[in-house]
Amino acid sequence: MTVRVIIADDHPMFRYGLSAVLTQSTAVDVVAAAATGKELLAAVAEHRPDVVITDISMPDLDGVVATRQLLAEQPELGVLVLTMHEDDEHVLAALRGRSAGLSRQGRGR
Amino acid sequence: MDSRLVSDRARVNTGWVLAVIAMLLVAAIPFSYAGGVLDRPGVVTEFGTGDLIQIAFVVAAFVASGAWLIHVRPRNVIGWILLASGLLQGVQTSAEAYATRALTEPDQSLPLALPAMWLASWVWMPSLLVLVAVLPGLYPTGRPPSRFWAWQVRAGLVGIALVVLLAATEQGGVDDAVAGVRLPWDMPAWWPWLVGVPAALLVAAAIGTALVGTVVRAIRATAPERQQLLWLIAAAGAMVLTVFLPWRGVFLVAFGLLPVAVVVGVVRYRLLGIEVALRRTLLYAPLTLMVALIVGASTTLFARLIPAGLIPLLIGSAVVAVIVFPVAGRLRKLVDRLVLGEAADALAAVDRVGAGLETVTDDPVQSMLEAVARTVDAEYAAVQDLGGEKIAEIGEPSRRAIEVPLLHGGASFGTLTVGPRRGEPQVTGPDARMISALAPHLAVVVRSKRLTEELARERERVATATMAERDRLRRDLHDGLGPSLSGIALGLEAASKALATDPVAASDILRHARDEADRAVVEVRRVIDGLRPTALDLRGLPGAIEDTAAALGLGRTGGPSFELDAMPVRSLPPEVEEAAFRIVSESLTNVVRHAAADHCTVVVDQVDHCLRLAVQDDGAGISAGRTRGHGLDSMRQRATDLGGYLNIEPLQPRGTSVTAVLPLETP
């Protein structure tokens with residue numbers, strides 16, 4: 001059984017690269033990609049993924065707010081939040097108990 | 001009374017007690033003379049109610065002034081001198097009255113008759129001599145102002161002691177009140193010579209030096225000592241002027257005012273404005289006398305020639321009018337010099353000004369201005385900067401003030417305005433010279449204050465710009481280059497994995513990654529281009545424009561001439577400054593590249609709340625269709641981004657004008 005994943009990041013190349021890497025794995029199926037928070041919500045509603053990988057800063061709805069909404073609706077949804085700053089970590093502290101993981105973009109996965 | 005063992009409170013109490021005793025002695029006089037004592041045989045004295053009032057007035061004036069001075073300055077010996085003088089006068093008059101009664105009492109029942117008369121015969125001498133021979137040398141602090149005066153005071157004291165010794169041992173004086181009274185002893189014939197000659201010499205020398213020395217002191221002194229000495233001289237002068245008048249009462253009033261003037265001189269010399277009083281007196285008394293003399297003389301003269309009616313008086317008045325005004329002017333100058341003194345102590349002035357700078361204050365200009373005002377005793381002083389704004393001020397503005405430019409190193413830093421001395425109609429010549437001499441020092445202070453403020457402002461500006469710059473850089477890296485490079489790295493990793501399994505996909509991923517790398521390079525260039533020009537931080541907007549113009553060859557020989565007219569604009573927001581610089585440098589680049597101009601002018605000024613930039617050249621101009629390109633779009637974009645606008649229009653007969661208006665506050 002494959003893990004159905006949705007990627008959300010406002011930078012096209014990052015989206016593309018991450019999607020390309022995940023596609024290499026047979027265990028992962030990237031079902032959609034979103035550039036904004038609202039697109040993410042729409043994509044989740046449409047595709048019902050197992051895991052969401054999202055950036056924090058995105059246009060119209062940021063990753064933190066989007067994650068909170070998603071988890072409220074689907075507590076079983078796995079959320080992986082990506083960040084580039086250590087500064088953002090305190091923002092994530094509240095989410096950490098509920099999201100599955102926290103990754104720093106460009107370093108580890 | 002210099003001992004520290006005696007408390008000030010004890011001194012004050014002693015002073016008042018002695019004053020009361022003196023007044024009680026005076027009050028006892030009528031009782032001594034009561035019962036027809038003055039009509040007894042042998043009594044020479046004449047004594048009426050008027051005499052009693054006079055004595056009471058003088059004694060009261062001395063003891064009250066003395067006691068009050070002791071009250072406020074217990075350790076100043078002047079108060080004790082005044083009190084002692086009054087007390088001795090009280091002792092003398094009351095002892096004489098008592099002795100007169102006791103000596104002529106039919107039954108000789110009253111004790112100590114002769115000793116009392118003996119006391120009265122000499123005690124008046126020290127009471128008066130101490131005022132003229134000793135007091136001036138200790139005035140106003142209670143200590144001799146110099147070693148010279150210390151010797152003068154010693155000479156006076158020894159002289160008075162010898163005078164007292166002689167007067168107390170000789171027969172003279174004991175029979176003043178009652179005829180035929182004699183002391184029970186007789187001194188040898190050489191005694192008066194032995195004591196009297198040195199006594200007379202010492203007292204005369206002490207008095208002479210006191211008089212001349214005090215006048216010299218007053219001439220040399222500066223405020224406030226001068227005012228203090230003037231009080232003493234005025235009181236002494238009043239006595240000298242009235243002593244020969246036929247009205248004894250007037251002299252006694254002057255004599256009674258002496259201790260009052262001394263006390264005022266010691267304590268309140270500034271408050272009562274002796275200068276004003278003295279100047280008016282010295283000015284108007286001679287003038288009045290002169291008017292009276294001239295009117296009298298000329299009226300009499302003309303009355304003989306033309307005996308009819310008012311004409312002589314009119315002519316007399318005309319003569320007065322012609323003569324009085326010029327004389328009054330000269331007299332005023334003379335009096336001013338006499339009273340106010342022009343020998344202001346320059347060293348003391350510099351000292352004061354220096355002290356104004358030494359103290360740590362919030363505002364060095366204000367404290368220095370206060371020092372300058374104190375130096376010339378001005379009631380009003382102010383410093384204005386070049387814009388006419390008052391940056392320091394003391395007192396109420398005076399219309400009679402003089403203005404001196406604050407010059408330093410050939411540049412002006414504002415204006416110093418100083419009003420006349422207290423009680424003066426205008427600033428005198430020497431004061432004006434003093435103010436001019438102090439102005440450059442004040443200019444240095446004003447300049448350093450301005451530099452400090454400018455430095456703080458500049459530091460603030462650069463700090464703000466740096467922060468804004470750093471924020472933008474962080475945003476650029478975070479939103480653009482960071483994820484871009486992460487994406488490339490992820491892509492490369494995916495491609496390496498796909499290489500074996502799916503070469504087509506791998507090639508596709510690699511193409512994506514390379515395109516992104518190209519974009520990243522462009523992005524890096526954009527970020528670098530967007531960095532704030534270093535010249536703005538180092539040289540400010542005008543300096544950065546000059547540098548750019550020079551780098552483009554403007555103003556160089558053979559190239560187009562260049563002129564920058566930049567009005568200083570305070571607290572330019574960094575983004576406005578940067579946009580302004582980019583618009584101007586872009587325009588200058590266009591002028592150099594396309595206009596083939598002979599002359600180029602850049603004007604930077606502030607209109608309302610906007611920064612206005614105008615770049616004008618006399619070159620080929622731009623045709624209507626070419627208002628785009630040449631970076632004109634980006635220039636216009638910069639202006640509109642900040643809520644401003646950019647205008648490009650041809651000039652007549654030739655040339656181009658680029659005008660940009662940028663709001664200084666973001667809307």
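Reader: What share of the contacts in chain B with a separation of 6 or more comes from residues 24 or more positions apart?

Author: That share is 68%, where contact means heavy atoms within 4.5 Å. This is a predicted model, in which local features need pLDDT of at least 70, side-chain atom pairs count only at pLDDT 80 or more, and totals for chains, interfaces and linings use all residues. Residues are numbered from 1 along each chain as its sequence is written, chains are lettered from A and ligands numbered from 1 in the order in which they are written, and side-chain values use heavy atoms, with hydrogens and water left out.

Reader: How many helices and strands does chain B have?

Author: Chain B has 18 helices and nine strands. These are DSSP runs, numbered from the N terminus: H or I with at least four residues for a helix, E with at least two for a strand.

Reader: Why does B:Asp608 count as buried or exposed?

Author: Buried means under 20% relative accessible area, exposed over 50%, and partly exposed in between, using a 1.4 Å probe and protein chains only. B:Asp608 has 66% relative accessibility, so it counts as exposed. B:Asp608 sits in the loop between strand 6 (599–607) and strand 7 (610–617) of chain B, and has a positive phi of about 55° although it is not a glycine.

Reader: And what about A:Arg48, why does it get its label?

Author: Its relative accessibility is 48%, so A:Arg48 counts as partly exposed. You'll find A:Arg48 in the loop between helix 2 (37–47) and strand 3 (51–55) of chain A. A:Arg48 isn't a glycine, yet has a positive phi of about 45°.

Reader: What makes helix 7 and helix 8 of chain B a pair that meets?

Author: Residues including B:Thr214 and B:Ile219 in helix 7 of chain B meet residues including B:Glu225 and B:Leu229 in helix 8 of chain B. The axes of helix 7 (residues 191–220) and helix 8 (residues 225–243) of chain B come within 8 Å and cross at roughly 145°. Axes are lines fitted to C-alpha atoms, for helices over the stretch in contact, with angles from 0 to 180 degrees between N-to-C directions.

Reader: Which kind of peptide bond joins B:Tyr139 and B:Pro140?

Author: A cis one, with omega at about -5°. B:Pro140 lies in the loop between helix 5 (124–138) and helix 6 (147–169) of chain B.

Reader: Where is B:Pro653 found?

Author: Look in the loop between strand 8 (645–650) and strand 9 (656–663) of chain B. A cis peptide bond joins B:Gln652 and B:Pro653, with omega about 0°.
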